[in-house]
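Here is a short report on charge pairs, cores and two loop residues. Please read it alongside the coordinates.

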Amino acid sequence: MKYLIANWKAYITSHKDAKALFKATQASAEASMSEVIICPPFPFIPDVKQNWDMALGVQDVFWEEKGAYTGEVTLEMLKNLNVEYVILGHSERRNYLGETDEVVNKKVKAALKAGFKVILCVGEKERKEENVIPTIVAEQIRADLDGVPKTKIPNILVAYEPIWAIGTGLSDTPENAHQAALYIRKTIGDMYHTKLGVGIKVLYGGSVNSKNVLDFVNYHGIDGVLVGSASAKKDEFTKMIKMVG
Ligand code: PEP
């Protein structure tokens, strides 16, 4: 079974558009064997609740339970909203909002402790040479998972997202993504246990669309894709779901 994760980012800005996109996505997802997970902006979660019976995620969360934290959304607030997944460590949050690995680590631990599944994003800034996976990927994983108990590792999906490929139309090659997946599994295997490394789900993200989605999902060792801009386009994303099957 492959994962197709939709990160709507802030592309959708009205309830009307959110509802239409949920509806179309659900219809395709119901007919597919893939795990389709939609991660809308927070205000649209109640729109989904009425219409959506599949997996739902959010694009960020705060690590404390409650208190004087102006503007934050806590895990506790999400508990009765059918939210199962949380995207953490996305490069847009790391770059535009200054999220450090220390912050990502706090969020990862809090989300797992509260029973959520984590989609952890890692990736390098500059385009690399063929088959060379930058060590920053292992450094991020080590820092972001610091102190995470081994029992929680099966609740993590790692999204390998080279930053230079996000939103640029320049996707990485499936072979490079495969090499990155091996490297990620080895890093987690070294940190915990080979079995946990082998078992972890690794996704590719970065300019995935209907033209290249099959190249990635059909490649050995890639468990699915995290899709940004293409997931906010109704026809494009439903086409992708149908293609993956
Ligand atoms: C992302 O933001 O996770 C992403 C992969 O974006 P895009 O598909 O737009 O490159």
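## Salt bridges

The count comes to 13 salt bridges, each a side-chain nitrogen of Lys or Arg within 4 Å of a carboxyl oxygen of Asp or Glu. This is a predicted model, in which local features need pLDDT of at least 70 and side-chain atom pairs count only at pLDDT 80 or more, while totals for chains, interfaces and linings use all residues. Residues are numbered from 1 along each chain as its sequence is written, and side-chain values use heavy atoms, with hydrogens and water left out.

The table lists three of the pairs.

| Pair | Closest N to O distance |
|---|---|
| Asp 60 and Arg 93 | 3.2 Å |
| Glu 99 and Lys 107 | 2.5 Å |
| Lys 186 and Asp 190 | 2.7 Å |

Asp 60 and Arg 93 form a salt bridge. The pair links distant parts of the chain, 33 residues apart: Asp 60 is in the loop between β3 (56-58) and α3 (75-78), Arg 93 in helix α4 (residues 91-96). Helices (H or I, at least four residues) and strands (E, at least two) are DSSP runs, numbered from the N terminus. Asp 60 is buried, at 8% relative accessible area. Arg 93 is partly exposed, at 25%. Buried means under 20% relative accessible area, exposed over 50%, and partly exposed in between (1.4 Å probe, protein chains only).

Glu 99 and Lys 107 are both buried. Salt bridges that share partners join Asp 60, Arg 93, Glu 99 and Lys 107 into one network. Lys 186 and Asp 190 sit four residues apart in helix α7, so about one helical turn separates them.

## Helix α7 and the cores

Helix α7 has 18 residues. Its first and last C-alpha atoms are 26 Å apart, close to the 26 Å expected at 1.5 Å a residue (1.5 Å times one less than the number of residues). Its buried residues include Ala 177, Ala 181, Ile 184 and Ile 188. Among the elements covering the buried residues of α7 are β5 (117-122), α6 (136-144) and α8 (194-199).

The largest nonpolar core has 63 residues. Such a core is a set of buried Ala, Val, Leu, Ile, Met, Phe, Trp, Tyr and Cys residues joined through side-chain atoms within 4.5 Å. Val 108, Leu 145, Ile 156, Ile 184 and Phe 237 have the most contacts inside this core. Apart from it lies another core, of 13 residues, including Tyr 85 and Leu 226.

Leu 145 is in contact (heavy atoms within 4.5 Å) with residues including Val 108, Ile 156 and Ile 188, leaving aside neighbours within four places in sequence.

## Two loop residues

Where is Glu 161 found? Glu 161 lies in the loop between β6 (156-160) and α7 (174-191). Glu 161 is buried yet has no salt bridge. The nearest side chain of opposite charge, Lys 9, is 6.9 Å away (Lys and Arg count as positive, Asp and Glu as negative; His and the chain ends are not counted). Not counting residues up to four places away in sequence, Glu 161 touches His 90, Cys 121 and Leu 226, among others.

Ser 207 is in the loop between β7 and α9. Ser 207 is buried, with a relative accessible area of 15%. A polar atom of the Ser 207 side chain lies 2.8 Å from the backbone nitrogen of Gly 169. Ser 207 and Ala 230 are 23 residues apart in sequence, and 7.9 Å apart in space, C-alpha to C-alpha.

Terms used
Polar contact = N/O pair within 3.5 Å; in protein donor to acceptor, adjacent residues only side chain to side chain.
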